[in-house]
Amino acid sequence: MIGTDVFKITKTKNSKLASLDMDRLPFGRYFTDHMLEVDYENGAWGEVSIKPYQPISFDPSLAAIHYGQAIFEGVKAYKNKAGEVFIFRPEDNFKRFNISAERMEMPTVPEEIFMEGMKQLVKVDEAWIPEKHDYSLYIRPFMFATDEAIGVRPSLTYKFMIILSPTGPYYSEPMRIYAEEKYVRAVPGGVGFAKNAGNYGSSLYPSAEAKRKGYDQVLWMDAFEHKYVQECGTMNVFFIIGNTAITPSLNEGTILAGVTRDSVIELLKELGLNVEERRLSMDEIVEAYKKGTLREVFGTGTAATISPIKELAYKDFVMKFDVDKWTVAPDVKKRMSDIKEGNVEDSFGWLVKV
Ligand SMILES: *Cc1c(COP(=O)(O)O)cnc(C)c1O
C-alpha cells in the first residue's frame, strides 16, 4: 500500500478559482488549479505528484500521437448539502481503466495511484466542486505513451495524469438519431470495449455526417449485418418495451461497459421493470413500435446521465416519441441524482467519500 507520503503535493500560489463563474460551467471547458502526474519507466511507476495545473511539453516524436496508445476515464465527484465530498463508483472506472490498458498493451495503474491519487487531488481542489443541483466535478484520468521515437511498437514509457473540470447541468435536448448502416464503431475482437482515444477519433466523421443530415448522433449497429444495436455515440442505450428494459449485452466486447449503464440496470430493477441484457435487432424495435409497446428509448453516460431519444430512424422508417409523457427515464434520472447528491440513502454503496 502506497501511503499518502508518496504523493508529492505542491500547491499553487495563484488560484484561478475567484475568476470562475460558478453559474456558467459548460462541460469540459474549465480546469481546476491542480493536476496529478506520474511517469512509468523501467517497468515501474515513479513518484506521484499533485502540482499546479500547467502545460506539458514533448518531443514531436511522442509515441501516443503517432500510434495511438492513449486511454481515458470519466468520473464525477459531488458535494452534498453538508459540504461532504463523494466520488461516484470510482472503483468501477479504475477496473475499466486497466482493462483498457491491457487491450492497448499499456501498463496497468496500481489501485493506490488511481484511487488514492484521485481522492487526494479532489481534496486539494475541493473548493472547485459546485454545490448546486445537477452540478459536479468531472474527473478525467488518462494515460498515454511517452517514448520519443518513431516506429510501431509498444512504448516503454507512459504518463498517467488526472485533471478536474467543474461542470454545470449537461442539459441535453431529446435527441434525433438514426441507425448507422454504413460506418461501424466496433467489431468482435476489436477495441470497442476499451476507452481508448482512437475509438473517438474514428467516430467523429460518422457523427459529423449525422449532424450534416440534421440529426444529433448515430446509433451504432453490429459490423456484419448492420441490424443489431450496439450503442449511441458515446452512450449506452436502453429500450423500454412494455414492462421490460432491454440493453445490448457486453458479451461480444463491442460496447463500452458503462458505469451509468450498470447503475441504470439496478435502478430499473428497483422500479419493478424486467431487465434484459441481450442482442436486440432493429426489426424487433420497429415491430414493438408498430405494436405500440415501445415506450421509451434513452442513452446513458457519466456526462449526461440519461439522454432521451425522441426520434429514431431506421432505413426509411422514423419512430417518434412524446418524451414529455415518459415516466421511466425521468424516474431513473431523479433517483440517480438524489443518490449522487446525497438527498437519499446510498443503498447501493455507490458513493466513495473523499
Ligand atoms: C464512456 C462511454 C460510455 C458511458 O460510460 P459511463 O461509464 O456510463 O460514463 C458509453 N459508451 C462509450 C463509447 C463511452 O466512451
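**Figure 1. The lining of the largest cavity in this predicted model**. Let's start with an enclosed space. The residues around the largest cavity are Asp-222, Tyr-228, Val-229, Gln-230, Pro-248, Ser-249, Glu-252, Thr-254, Ile-255, Arg-278 and Arg-279. Sorted by class, this lining has four nonpolar, three polar and four charged residues. The volume of the largest cavity is about 100 Å³, and the count of cavities of 30 Å³ or more comes to two.

**Figure 2. The second largest cavity and its lining**. Here the view turns to a space of about 50 Å³. Gly-74, Val-75, Lys-76, Tyr-78, Phe-88, Asn-93, Val-259, Thr-260, Thr-302 and Lys-340 line the second largest cavity. Strand S6 (75-79) and H5 each give at least two residues to this lining, and the largest share, three residues, belongs to S6. By class, the lining of the second largest cavity holds four nonpolar, four polar and two charged residues. Keep an eye on Thr-260 and Thr-302 from this lining, as both are also among the residues that come nearest to the ligand.

**Figure 3. The largest pocket, where the ligand sits**. If you are looking for the ligand, this is the place to zoom in: the ligand sits in the largest pocket. About 1000 Å³ of space lies in this pocket, and 41 residues line it. Nearest the centre of the pocket are Phe-27, Tyr-170, Thr-234, Met-235 and Ala-303. Two or more lining residues come from each of these elements: strand S8 (136-145), strand S9 (158-167), helix H4 (197-212), strand S12 (229-232), helix H5 (259-270) and strand S16 (294-301). H4 supplies the largest share of the lining, with five residues. In the lining of the largest pocket, 16 residues are nonpolar, 16 are polar and nine are charged.

**Figure 4. The shell of residues around the ligand**. Moving in from the pocket to the ligand itself, you will find 14 residues around the ligand. Of these, Lys-195, Tyr-200, Glu-231, Thr-260 and Thr-302 come nearest. The shell divides into four nonpolar, six polar and four charged residues.

**Figure 5. Polar side-chain atoms beside the ligand at Tyr-200, Glu-231 and Thr-302.** Which distances are worth labelling in this close-up? An N or O atom in the side chain of Tyr-200 is 2.2 Å from an oxygen atom of the ligand. At Glu-231, a side-chain N or O atom is 2.5 Å from a nitrogen atom of the ligand. Thr-302 has a polar side-chain atom 2.6 Å from a ligand oxygen atom. On its own, the ligand has 380 Å² of accessible area, and the protein covers 96% of that area. For orientation, Tyr-200, Glu-231 and Thr-302 all belong to the set that comes nearest to the ligand, and the ligand they surround sits in the largest pocket.

Note on methods:
Residues numbered from 1 in each chain as written. Predicted model: local features only at pLDDT ≥ 70, side-chain atom pairs only at ≥ 80, totals over all residues. Heavy atoms only, no water. Near = heavy atom within 4 Å. Polar contact = N/O pair within 3.5 Å; in protein donor to acceptor, adjacent residues only side chain to side chain. Areas by Shrake-Rupley, 256 points an atom, 1.4 Å probe, with all protein chains shown as cover. 1 Å grid on protein atoms, 1.4 Å probe; cavity = no way out; pocket = protein on both sides within 12 Å on 5 of 7 lines; lining within 4 Å. Sits in = over half its atoms within 2 Å of the grid points. Nonpolar A, V, L, I, M, F, W, Y, C, P; charged D, E, K, R; others polar. Points joined across faces, edges and corners; volume = space filled by probe spheres on them. Helix = DSSP H or I, 4+ residues; strand = E, 2+ residues; numbered from the N terminus.
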